[in-house]
Structure formats: structure tokens, C-alpha cells
Amino acid sequence: MSFFAYRNGEMHAEGVALASVAAQVGTPFYCYSAGALRAAWKEFADGIKGMNAPHKVGVCYAMKANSSLAVIRLFGELGAGADIVSVGEMRRALAAGIPAANIVYSGVGKKASELMEALQAGVGQINVESSAEIETLNAVAGQVGAKAVVTIRVNPDVDAGTHAKITTGRKENKFGIDIDLAREAFALAGRQPNLRVAGVAMHIGSQLTSLEPYRAAIVRVRELIGQLRTDGHHIDRFDLGGGLGIVYSDEKLPSIADFMAVVARETKGLGCELTFEPGRRLVGEAGVLVGEVILVKPGSAKTFIIVDAAMNDLIRPTLYEAWHDILPVHQPRPDAATIRCDIVGPICESGDFLAQNRDMAPLAAGDLVMIRSAGAYGAVMASSYNSRPLAPEVMVDGTRFAVTRPRPTVDEMLQAERFPPWMEPVKA
Ligand SMILES: *Cc1c(COP(=O)(O)O)cnc(C)c1O
């Protein structure tokens, strides 16, 4: 079922016309479908059902994909934990009702102050990624009188077959400890009095459209776990990370059931509790960005459709060369001729585009467009470049909708700043 679809010629999010949201909150705005979020969660919940015995299987939502409090709360109510990458995210997860014990703290460069706050809050697991971090965490845990439960993230050196900026499991990426050096790291961790080394973590990349890299990585980690046990470590957790892809245009994706079947097969008899950390797959297709056409500028090479949503709202097209389907909110006639155009924002950067060389039914000033699959790495990566206020976020559930993050006013943006005391006050 599609949660974003035309009804009577108008694009709807579930039972709510996007045009009616635009009329109330203005454009651009992000819109998330609660139904789509629940449906994405259900695939994971169903997938792990069969895997539960004899070891626990958990899903920690990787909230960096979309850290809207309402979105985290929705998943938390369904039983998700959270995968965080900063103390700011920890505070969000706690504010959204995720118990500290269900939080996994990931990240390649955690500061001692952040580790301390995490231990004091009682986060359930810290995934460490370097020898330096092992020693820092041990020292911090000693200071707060805690025993830190850690997994060590290893870099299995597999090619996830995804965009260079979102592959994380190759030797040349900064993430994890080189799998060939992992035994030394575990030995170091094992000697620290304030750490309990519980297992191994991996996360090989994002927007994976094939299961083979996962399989290859699991095989390598499985071998490592055997060696670690021989070395005398008690390994009972395996954190498999996230990375499952979504549909941006016409990708053919493995189902969650297929993914879980591969994991179940490759981890059979391993005796480890499993954790999954999906981000994009839970939220990406459940969100859209809606903008309004400001003007249409014909050129000799192509036509520019200038909209009020821009790279500061959605940076993926320019950062990752990502494709997002763009649909008019008012359904075009099926026989409408298309024109070749670039759909761009008003920002003073040539990299400010949402789509290039796209064939679109003709659009005019005032028309609304919907940028599809914008629920992940969209609003969270937004900035206020060009002093453009952050786009508001809206959640739809059935026929209701609510603004979950209002658009800041420019006055609010200005009030957040200070003049140095030595400057003359601005005369009114
Ligand atoms: C980003 C990240 C995830 C989530 O990745 P997705 O591709 O959004 O599923 C999971 N685990 C870690 C450690 C991450 O850094």
C-alpha cells in the first residue's frame, strides 16, 4: 500500500491532502506518514519474530536518519530502542521515551564528556571504534563508578556496493577497527577493569540494495567471534548495524524477510543476541518534502523550475548525486506532454538542485511539488543557509495531521545571536 497517492487528482498523505497542509503551514515542509512508519516497523518486527529464540533480537532505530521526537516516540511505542551517535541524540531519545537501557551509542569520535553523560544516563551499550576510545571509556567509567558494557565495532573490509560517501565497511573508511587488528583491540578491552566486553558490532554502509555484502561481512565477523572465544572472551552480542536500502526511483530491493533469512542462516548456532540498527529503511519512504514553484525560467538548453525547497532543506541530490522522484501535487493529465527541466532552489549555489534533466509535466508558478522518499537524511541534514528558516515537520496519521516542528521565524533566528559587547548598538 502506498501512503502517498493521488486521490481525486490531488496528492494525499494517507487521508490528508498535501495542498491543505501547505495552505496551513506554508512551504516548504516535510510530511511524515505515521502509517508508513508503522508499516516499515512491522516488516522488521515480523522478520525478527521467528528469530527470537533462543537469543534476544532487538531493533534500535538509527535516529540520525530522522531525529524528529514524534518519529522516535512512534517507534519507541512499538518497541524500538535507539542507535545514537551523539549526546544530543541521546537527549532526544530519552525525551521521546526510549529507556536508556535500550540505547546503543555508536560513533567514531565520542568525547570523554559525552561518554560520561552516556554512562551517567545508563545507556545500554557503547560501541567503541578505536583503542584510544577503549582507554578513554575505561577511565571515564572508573570516574563515575560504572561498568561500561561495550561491543567493539570492526571494519570487515567488504564493499557494500553503494555510493562512496555512504560506504563505511572498507579498510580505507574511518569506521570501526580493522578486522585484522580486532583481536588486539579485544585483548586491550579485556584488560580494562571498568569495561564488560559483550560482543562485536558492524555497520558496512547505507542504501545497500544487495544482501551479499551483509552475508560476506557476517561470515567474516562469525570467524572473528570464534577466534575471540578461543582467546578467552565471552562474546554474546552481535550488532549488525543498519544500511538497508529504500526505493528512490526503481531500485529492486530485497525484502526484510529475505534479509532476516540470510542473517538467521549465517548466525545459526552462534549463540549471540542480535541487534539491528535500521535508519533509512524505517523512515525514508515514509516522508516527503513539499515545495511550491516560485517561477519557471526557460533557457535555450533546458527549463529551470525554481521552487522554494532547496539544498539547505534536502542536500541529498547535491551531496550524494541522489535521485528523488518529484511529482506535481495536482495530478497532471495522463496525456500531458513533458518538458526537460532542472528543478532547483533559490540558493546562490550551482549545486542547489533537487533534480537535473528531469522530464516533467509543465509546472507553473504557485504549483506544489512533492519530493518523494525524503524521510531519511532529509530534515536532519537541513541548514539555514541563506538565512532560510528550517522547513517545518508535519506528521499525518489517517485523516489528522499535526505540526511536530514549527518553522522558526526569522526573528527567532536573529534572537539566537549576540553582538560582541564592544560593538555600538544598532540604532533603531
Ligand atoms: C548510520 C548508521 C546506521 C543506520 O544506517 P541506515 O543506512 O540509515 O540504515 C546504523 N548504525 C550505525 C552505526 C550508523 O552509523
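These are my notebook entries on the ligand site and the domain layout of this structure.

Entry 1, the model. I note that the model is predicted.

Entry 2, domains. I looked up how the chain is divided and found two parts: domain 1 covers 4–32 + 284–415, and domain 2 covers 34–280. The C-alpha centres of domain 1 and domain 2 are 32 Å apart. I then examined where the two meet: 24 residues of domain 1 contact 23 residues of domain 2.

Entry 3, the ligand's surroundings. I found 14 residues around the ligand. Those that come nearest are Lys64, Ser206, Glu277, Arg280 and Tyr377. Sorted by class, the shell holds three nonpolar, six polar and five charged residues.

Entry 4, polar distances. I checked the oxygen and nitrogen atoms of the ligand against the protein. The side chain of Lys64 places an N or O atom 2.8 Å from an oxygen atom of the ligand. At Gly243 a backbone N or O atom is 2.7 Å from a ligand oxygen atom. For Glu277, I found a polar side-chain atom 2.6 Å from a nitrogen atom of the ligand. The ligand exposes 390 Å² when taken alone, and the protein buries 94% of that.

Entry 5, the pocket. I asked which pocket the ligand takes up. The ligand occupies the space of the largest pocket.

How values were computed:
Residues are numbered from 1 along each chain as its sequence is written. This is a predicted model: local features need pLDDT of at least 70, side-chain atom pairs count only at pLDDT 80 or more; totals for chains, interfaces and linings use all residues. Side-chain values use heavy atoms; hydrogens and water are left out. A residue is near a molecule or strand if one of its heavy atoms lies within 4 Å of it. A polar contact is a pair of N or O atoms within 3.5 Å; within protein, one must be able to donate a hydrogen and the other to accept it, and residues adjacent in sequence count only if both atoms are side-chain atoms. Accessible areas come from the Shrake-Rupley method with a 1.4 Å probe; for residues, only the protein chains shown count as cover. On a 1 Å grid over the protein atoms alone, a cavity is a set of points where a 1.4 Å probe fits but cannot get out, and a pocket is an open set with protein on both sides within 12 Å along at least five of seven lines; lining residues have an atom within 4 Å of a point. A molecule sits in a cavity or pocket if more than half of its atoms lie within 2 Å of its grid points. Ala, Val, Leu, Ile, Met, Phe, Trp, Tyr, Cys and Pro count as nonpolar, Asp, Glu, Lys and Arg as charged, and the others, Gly among them, as polar. Domain bounds come from an automatic or database domain assignment. Contact means heavy atoms within 4.5 Å.
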